Amino acid sequence: MRLHRNLVFATIDSLSEIFNEGKYADKVIQGTLKRDKRWGSRDRSFIAETTYDIVRWKRLYAEIAEVKEPFSRENLFRLFAVWATLRGIELPDWKQIEDTPTRRIKGRFDALSKIRKFRESIPDWLDELGVVELGEDTWTKEIHALNNLAPVIVRTNTLRTNKENLKQELLKEEIEAFPVKNYPEALELKERANVFRTKAFKDGFFEVQDASSQLVAHFLEVEPGMRVVDTCAGAGGKTLHLAALMENKGQIIALDIFGNKLKELKRRAKRAGAHNIETREIDTTKVIKKLHNSADRVLIDAPCSGLGVLSRNPDAKWKLEPEFIAKIKNTQADILNQYSKILKPGGKMVYATCSVLPSENQEQVENFLNREEGKDFKLVKDQKILSSDTGYDGFYMALLELKK
Ligand SMILES: C[S@@+](CC[C@H](N)C(=O)[O-])C[C@H]1O[C@@H](n2cnc3c(N)ncnc32)[C@H](O)[C@@H]1O
């Protein structure tokens, strides 16, 4: 691979914004890619993938390069030189990376790889938490899996098409995809591609959605004609799936505390041809009270640490803080207490997170069942999905039933 100066410089600029200005990696990369219209898809992939890689391996590379934050431009180039050296890419004779100590980099890599927190490039507190929550062996495997680049998975929108037809439509645009066993609507791309530019996407034939996440709507056992409340709907990834499973029949009420996310949900619903979704912003407690005792099904896709989706969101390693996890756990308990009241007797509710921590998952459910608010519920089943077992995101989902 030959390194191009303007692409490497764009990568360094992106890293500076992410590391030194605390901006989100996806937003920064989006902005950088708009800079030069002449960049082709390979150039764009180079910038996006190299930036994500260096974000993912920040701690390991910084230890190897012996640099500390905040990173000067010179130090960012040193991180980049570590990245290139470990990939066996020949370094050009640019002054920013002259005198890169190739052999020393490889030696330090071998030595640091013996220690998990460096090898997997994670903060001390996260490594300690992972061991407390999952035990040494499982955590070692899981954090390794969460550092792998996530595959691109799409969910066929059965309101518009079927999986075989979608596969053919993507093929027409030179995107090869194959079905994923046990995930009824999923297609996995053979190679990464910007699927948002395809006609199939514009026609609402699919959404990009990880395979694990595609299990959640099925877990809720919805049927056409039901009244379903999706309490933490966000931009509607799972709401749209629910609408498809309900064949557009019945009613879905999608709630969130952020109105802008619900606006995006509306736009996506239009593209997907989902007509049975009403959105409501939770701006007062009245919104929930009005819905008490009214739904056949309730989905709580709870806000969480997001530790199960580190592979697609590596900068969360550096943005997450233990205090945030403690706070979000209180929110989860509160949401379970309040939103469970939306269910009718005999109705079913799913509590789900994209976390792998038992304290956000099965322990939240157990605690709820032991509280006054949960005393009339029973656990029907739950599923703990580890990325190290499936190769997809880490997830948790529990199906609860309210007694008649
Ligand atoms: C895991 S995300 C939801 C993802 C979404 N269901 C999807 O499939 O695309 C959690 C959502 O909960 C929302 N949220 C946070 N606190 C909330 C609360 N107290 N009540 C309702 N929603 C909340 C967040 O804004 C966020 O959109």
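## A walk outward from Ile342

Leaving aside its neighbours within four places in sequence, Ile342 touches Val229, Ile288, Leu291, His292, Ser294, Ala295 and Val298, where a contact means that two C-beta atoms, placed from the backbone, lie within 7 Å. This is a predicted model, in which local features need pLDDT of at least 70, side-chain atom pairs count only at pLDDT 80 or more, and totals for chains, interfaces and linings use all residues. Residues are numbered from 1 along each chain as its sequence is written.

Where does Ile342 sit? Its place is in the loop between H17 and strand E9 (343-353); helices (H or I, at least four residues) and strands (E, at least two) are DSSP runs, numbered from the N terminus. Ile342 counts as buried because 24 other C-beta atoms lie within 10 Å; the cut-off for buried is 20 or more, for exposed 12 or fewer, and partly exposed falls in between, with C-beta atoms placed from the backbone. Ser294 is 48 residues from Ile342 along the chain, yet their C-alpha atoms are separated by 5.8 Å.

Two of those contacts, Val229 and Val298, lead us to the strands: Val229 has Val298 in E8 as its bridge partner. Strands pair if DSSP finds at least two bridges between them, and E5 does so with two others:

| Strand pair | Sense | Bridges | One bridge pair |
|---|---|---|---|
| E5 (residues 227-230) and E6 | parallel | 4 | Asp230 and Ala254 |
| E5 and E8 (residues 295-301) | parallel | 3 | Val229 and Val298 |

E5, H13 and E6 also make a right-handed β-α-β unit. Right-handed here says that, with the strands pointing away from the viewer, the path from the first strand over the helix to the second runs clockwise.

H13 and E6 turn up again at the ligand. Helix H13 (237-245), strand E6 (251-256) and helix H17 (322-339) each give two or more residues to the shell around the ligand. Of the 18 residues in that shell, Cys232, Gly234, Gly237, Lys238 and Asp301 come nearest; being near takes a C-beta atom, placed from the backbone, within 6 Å. By class, the shell has 9 nonpolar, 5 polar and 4 charged residues.

Stepping back, the protein has 19 helices and 11 strands. Its C-alpha atoms fill a box of roughly 75 × 50 × 40 Å, taken along the principal axes. Of its 404 residues, 41% count as buried. Among contacts between residues at least 6 apart in sequence, 70% join residues at least 24 apart.

Methods. Nonpolar A, V, L, I, M, F, W, Y, C, P; charged D, E, K, R; others polar.
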